[in-house]
Each structure stands twice: as C-alpha cells, then as structure tokens.
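Subject: Structure handover

Hello,

Please find the structure below. My notes on what was found in it follow.

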Amino acid sequence: MSNRSVKSLVIGSAVFGAMALGTASASDSAWHNYIGAGFYDFGDTGFFIEGAAQINEQFVLNAEIGDTYDTSLRIGGRFLTGVDLGTAPLFLNVGYSDYSNSFDGVYFGAGITHPLDSNIHSIFELNHDTAGDGFWRFRSGLMYHLNQNLSVQGSYSLNTDSVKNEFKLGVSYRF
C-alpha cells in the first residue's frame, strides 16, 4: 500500500470519527447528519462511503471516499449561509480532493437544497476543483426518505475538461 493510500485512509478515518463525535450537539438538524454508502461509477464502477455532521449552526463537516479502479477522496466543509434562493437554502463548499492517488487539489463552490415534498429532498451544487489541470463539477441529486432516518439517494455529476462524469446510487442513514 502506497504512502498516499495510507494518508488518504488515515485522513478519511479521522474525519468519519470526528463526524461521529460531533453529532451529539446537532442531532436535531434536518439532513446534515448522515452516513451513506452504495454503488459508484467514476470512469470505473465500485462503491462509495460518505458522511456529514453539522458541528454548529452554520458549518457542516463532510467527507466521501469512492473506490473504483482507483480511490477518490473529498474532505471538506459546507457553510450554511442563511440566504434562500426562493425557498431553497444556499450553502458554500470548500475542501480537499485527492483522485487516484496521483493528483490532488482543493475544491470550492456553492449549492442549494430543497425539499420537493415531505419524502423527497433535492440538492444542486457547482464546484471548481483545482486537481490536475482543474475542472468544474455540476452535481444534482435526489434523496427519497423511506422513514425518518433511512433514505435512498442518487446523484449525477457532470464534469468538464475530460474528467469522467460521476454516478452514485445508495442508501443513507440519518442520525
């Protein structure tokens, strides 16, 4: 196992541990405290694990690890602005990205979330990632709530500059 793989694994484990510890004060938030896993396609097929935890009123820590032929890792934060676009809350993203253990960078952008009805929640994000030569990523996704804590989720990301598009389908558990 290469040093970069070990580094990514240690960073990811630390973030998931911090998210588990940070949820005690924020367990009443709407959708920011969850862990999810499922099918992942990013040029090759594999699986993903992701999670998020709201650590105060305006900041959410999030991480995702995708394992296809190579590993992708994104660790960052989401700032909840308190500004709404219509009825959709606006948030800002910033974080670290590592793809295929060969190039890494930082990403930043913005997004909105919106409940479409009592069981369906949508998310739209536009981020710029400086990894490699840099690229833009537009992600749209839906989460269907099976009950108060369990959801089925799916998302598709359109990437620019010859970076493969991403598809995720999985389940998430809200805590």
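The largest cavity holds about 360 Å³ of space. Please keep in mind that this is a predicted model. The search covered the whole structure and returned two cavities of 30 Å³ or more.

Largest cavity

Its lining is made up of 27 residues, and those nearest the centre are Y34, E50, R78, I123 and R139. Two or more lining residues come from each of these elements: β2 (45-54), β3 (59-67), β4 (71-85), β7 (120-129), β8, β9 and β10. Among the contributors to the lining, β8 gives the most, with five residues. Sorted by class, the lining of the largest cavity contains nine nonpolar, 10 polar and eight charged residues.

Second largest cavity

The second largest cavity has about 40 Å³ of space. Its lining consists of R74, Y99, Y107, N127, H128, D129, F135 and R137. At least two of these lining residues come from β7, and at least two from β8. The largest share is that of β7, which supplies three residues. By class, the lining of the second largest cavity splits into three nonpolar, two polar and three charged residues.

Strands β8, β9 and β10

These strands came up above, and their pairing is set out here. Strand β8 covers residues 135-145 and pairs with β9 in the antiparallel sense, over nine bridges. In that pairing, S140 is placed opposite Y156 of β9. The two strands make a hairpin, with four residues between β8 and β9.

On to the next strand: β10 (residues 166-174) runs antiparallel to β9, and eight bridges join them. Here Q153 has G170 of β10 opposite it. β9 and β10 also form a hairpin, with six residues between the strands, and in this hairpin D161 adopts a positive phi near 55 degrees.

Which residues of β9 lie on its covered face, and which on its uncovered one? In a regular strand, side chains alternate between the two faces of the sheet. For β9 (residues 150-159), the covered face has S151, Q153, S155, S157 and N159. The uncovered face has L150, V152, G154, Y156 and L158. Of the residues named in the pairings, Q153, opposite G170 in β10, is therefore on the covered face of β9, while Y156, opposite S140, is on the uncovered face.

Regards

Definitions and conventions:
Residues are numbered from 1 along each chain as its sequence is written. This is a predicted model: local features need pLDDT of at least 70, side-chain atom pairs count only at pLDDT 80 or more; totals for chains, interfaces and linings use all residues. Side-chain values use heavy atoms; hydrogens and water are left out. Buried means under 20% relative accessible area, exposed over 50%, partly exposed in between (1.4 Å probe, protein chains only). Two strands pair if DSSP finds at least two bridges between them. On a 1 Å grid over the protein atoms alone, a cavity is a set of points where a 1.4 Å probe fits but cannot get out, and a pocket is an open set with protein on both sides within 12 Å along at least five of seven lines; lining residues have an atom within 4 Å of a point. Grid points are joined across faces, edges and corners, and a volume is the space filled by probe spheres set on the points. Ala, Val, Leu, Ile, Met, Phe, Trp, Tyr, Cys and Pro count as nonpolar, Asp, Glu, Lys and Arg as charged, and the others, Gly among them, as polar.
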